[in-house]
Amino acid sequence: MQAWLHESINWLLAALSLPEVGLSAIFTVSLVSATLLPLGSEPAVFAYVKLAPHMFWPAVLVATAGNTLGGMISYAMGAGAEKAYEAWRLKHPHSDDPGQGQALKSKTAGRWHDFSSRWLTRLGPAALLFSWLPVVGDPLCAVAGWLRLPLWPCTIYMAIGKLARYISMTAGLLWIFPRLGW
């Protein structure tokens, strides 16, 4: 399975070779990297802007749009998983019994689950300003869908956070770090 995934990603990256395709490649890589698949979009944005510095804003905006759409896909996956879980619970009411339901409850509850649910519920859609963070950002979008936070406010906060990330990272790599001798 890993070999297939690795080959598929290599094929996708080869098919979307940056000099020939440009902004559509950035959009696709940004979209895929915002789902739960392990892929980073910053190198693609940086490479494109390094080749065409006058395309800084179009590249950043296209990457933000793709990454936000990918976050919305993760949100929808979380909402769908929650809906499927509730349907399963309705079909299996005996799992709420103390004897049989302990295994299920231990899988869906716990200290970190309780902490993150309270944190996300308290902050609401504004928590998705952190959807750009590595490791936790993509699952954060899925958990927002699971908790049924309002879609459009979540999307707006996702877009703001992702836009700030692309501006700061791309500008930093292009203009700040080269001045430091990197």
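Which helix is the place of Glu82? Keep that one in mind for Exercise 1. A word on the ground rules: this is a predicted model, where local features need pLDDT of at least 70 and side-chain atom pairs count only at pLDDT 80 or more, while totals for chains, interfaces and linings use all residues. Residues are numbered from 1 along each chain as its sequence is written, and side-chain values use heavy atoms, with hydrogens and water left out.

**Exercise 1. Place Glu82, then find its salt-bridge partner.**

Step 1: Glu82 sits in helix α5, residues 56-91. Helices here are DSSP runs (H or I, at least four residues), as are strands (E, at least two), numbered from the N terminus.

Step 2: check the cover. Glu82 has 14% relative accessibility, so it counts as buried. The cut-offs are under 20% relative accessible area for buried, over 50% for exposed, and partly exposed in between (1.4 Å probe, protein chains only).

Step 3: look at the contacts, meaning heavy atoms within 4.5 Å. Leaving out residues up to four places away in sequence, Glu82 touches Trp146 and Arg148.

Step 4: test for a salt bridge, that is, a side-chain nitrogen of Lys or Arg within 4 Å of a carboxyl oxygen of Asp or Glu. Glu82 and Arg148 make one, at 3.3 Å from N to O. The pair links distant parts of the chain, with Glu82 in α5 and Arg148 in the loop between α8 (137-146) and α9, 66 residues apart. Arg148 is partly exposed, at 45% relative accessibility.

**Exercise 2. Track down the other salt bridges, given that the count comes to three.**

Step 1: go to Glu42, which bridges to Arg165 with the closest N and O atoms 3.2 Å apart. This pair also links distant parts of the chain: Glu42 belongs to helix α4 and Arg165 to helix α9, 123 residues apart. Arg165 is buried, at 9% relative accessibility.

Step 2: go back to α5 for Glu86 and Arg89, whose closest N and O atoms are 3.7 Å apart. Both lie in that helix, three residues apart, about one turn. Glu86 is partly exposed at 31% relative accessible area, and so is Arg89 at 32%.

**Exercise 3. Work out which side of α4 is buried.**

Step 1: list the buried residues of α4 (residues 42-51): Glu42, Ala44, Val45, Tyr48 and Val49.

Step 2: see how they spread around the axis. They cover an arc of only 165 degrees, so they sit on the same side of α4. The arc is taken from the directions from the helix axis to the C-beta atoms.

Step 3: turn to the face away from that buried side, where the exposed residues Pro43 and Leu51 are carried.

**Exercise 4. Describe the surroundings of Asn67.**

Step 1: Asn67 lies in helix α5 and is buried, with a relative accessible area of 2%.

Step 2: set aside neighbours within four places in sequence. The contacts of Asn67 then include Ser30, Leu31, Ser41, Lys162, Arg165 and Tyr166.

Step 3: compare sequence and space. Asn67 and Trp132 are 65 residues apart along the chain, yet their C-alpha atoms are separated by 8.9 Å.

**Exercise 5. Find the nonpolar patch that includes Trp132.**

Step 1: know the rule. Patches take residues with over 30% relative accessible area and no salt bridge; like charges are joined within 9 Å, and nonpolar side chains (Val, Leu, Ile, Met, Phe, Trp, Tyr) within 5 Å.

Step 2: collect the members, namely Leu129, Phe130, Trp132, Ile156, Tyr157 and Ile160, with about 520 Å² of accessible area together. The areas come from the Shrake-Rupley method with a 1.4 Å probe; for residues, only the protein chains shown count as cover.

Step 3: zoom in on Tyr157, which is in helix α9 (residues 151-176). Tyr157 is partly exposed, with a relative accessible area of 30%.

**Exercise 6. Explain why Cys141 and Cys154 are not bonded.**

Step 1: recall the chemistry. A disulfide is a covalent bond between the sulfur atoms of two cysteines. Here the criterion is a pair of cysteine sulfur atoms within 2.5 Å.

Step 2: take the distance. The closest cysteine sulfur to that of Cys141 is in Cys154, 8.3 Å away, so it is too far for a bond.

Step 3: check the whole structure, where the search finds zero disulfides. Cys141 is buried at 0% relative accessibility, and Cys154 is also buried at 0%.
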